[in-house]
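Student: Could you take me slowly through one part of this model, namely the way its helices meet, and explain each term as you go?

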Amino acid sequence: MTVHQKERQAARGQSRTDRIEYWLLVAIAFVVCFAMAGTSRGLAALRGKPVDSHGQSVFAEARASAHATAGYVFIA
């Protein structure tokens, strides 16, 4: 193996680690966002207010929020 090949292999390993880390963050954020979206909609329904869902299911809303939140982690 040349030095260049070893560097590429190390970079691929780091990339794989970054992807796993990102998906772990998304999974954790999804659980929190799912609970918050469900609670928000449930409380709005109990109060008799219209639920502003923008045409998204609770699952889709939580997924979008989780991806948005996980992206901010890498900025710091």
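Tutor: Let us begin with the rings, since the structure holds four aromatic pairs, where rings of Phe, Tyr and Trp (for Trp, its six-membered ring) are said to pair if their centres lie within 6.5 Å, and the planes count as stacked when under 30 degrees apart, as edge-to-face when over 60, and as tilted for the rest. One of them joins Tyr22 and Trp23, whose centres are 5.6 Å apart with 75° between the planes, an edge-to-face arrangement. Another is formed by Phe30 and Phe59, and because their planes stand at 70°, with the centres 5.2 Å apart, this pair is edge-to-face. It links distant parts of the chain, for Phe30 belongs to helix α1 (residues 3–46) and Phe59 to helix α2 (residues 58–73), with their positions 29 residues apart. Ring pairs also join Phe30, Phe34 and Phe59 into a cluster.

Before going on, please keep in mind that this is a predicted model, in which local features need pLDDT of at least 70 and side-chain atom pairs count only at pLDDT 80 or more, while totals for chains, interfaces and linings use all residues. Residues are numbered from 1 along each chain as its sequence is written, and side-chain values use heavy atoms, with hydrogens and water left out.

The protein has two helices and zero strands, these being DSSP runs numbered from the N terminus, with H or I and at least four residues for a helix, and E and at least two for a strand. A search of the whole structure finds one salt bridge, a term that stands for a side-chain nitrogen of Lys or Arg within 4 Å of a carboxyl oxygen of Asp or Glu. The partners are the side chains of Arg41 and Glu61, at 2.6 Å from N to O, and this pair too links distant parts of the chain, with Arg41 in helix α1 and Glu61 in helix α2, 20 residues apart. Arg41 counts as buried because its relative accessibility is 16%, whereas Glu61, at 26%, is partly exposed; here buried means under 20% relative accessible area, exposed means over 50%, and partly exposed lies in between (1.4 Å probe, protein chains only).

Now look along α2, which has 16 residues and reaches 23 Å from its first C-alpha to its last, close to the 22 Å expected at 1.5 Å a residue, where the expected span is 1.5 Å times one less than the number of residues. The buried residues of α2 are Ala62, Ala66 and Ala70. Seen down the axis of α2, they fall within an arc of 65°, so they line one face of the helix, the arc being that of the directions from the helix axis to the C-beta atoms.

Ala70 shows what lies against that helix. With a relative accessible area of 2%, Ala70 is buried, and, not counting residues up to four places away in sequence, Ala70 touches Tyr22, Leu25 and Val26, where contact means heavy atoms within 4.5 Å. The C-alpha atoms of Ala70 and Leu25 are separated by 5.9 Å, although these residues are 45 residues apart along the chain. Tyr22, for its part, is partly exposed, with a relative accessible area of 22%.

From the other helix, Val26 gives the matching view: it is found in helix α1 and counts as buried at 8% relative accessibility. Leaving aside its neighbours within four places in sequence, Val26 is in contact with Ala66, His67 and Ala70. For the protein as a whole, residues 24 or more positions apart account for 70% of the contacts with a separation of 6 or more, and 12% of the 76 residues count as buried.
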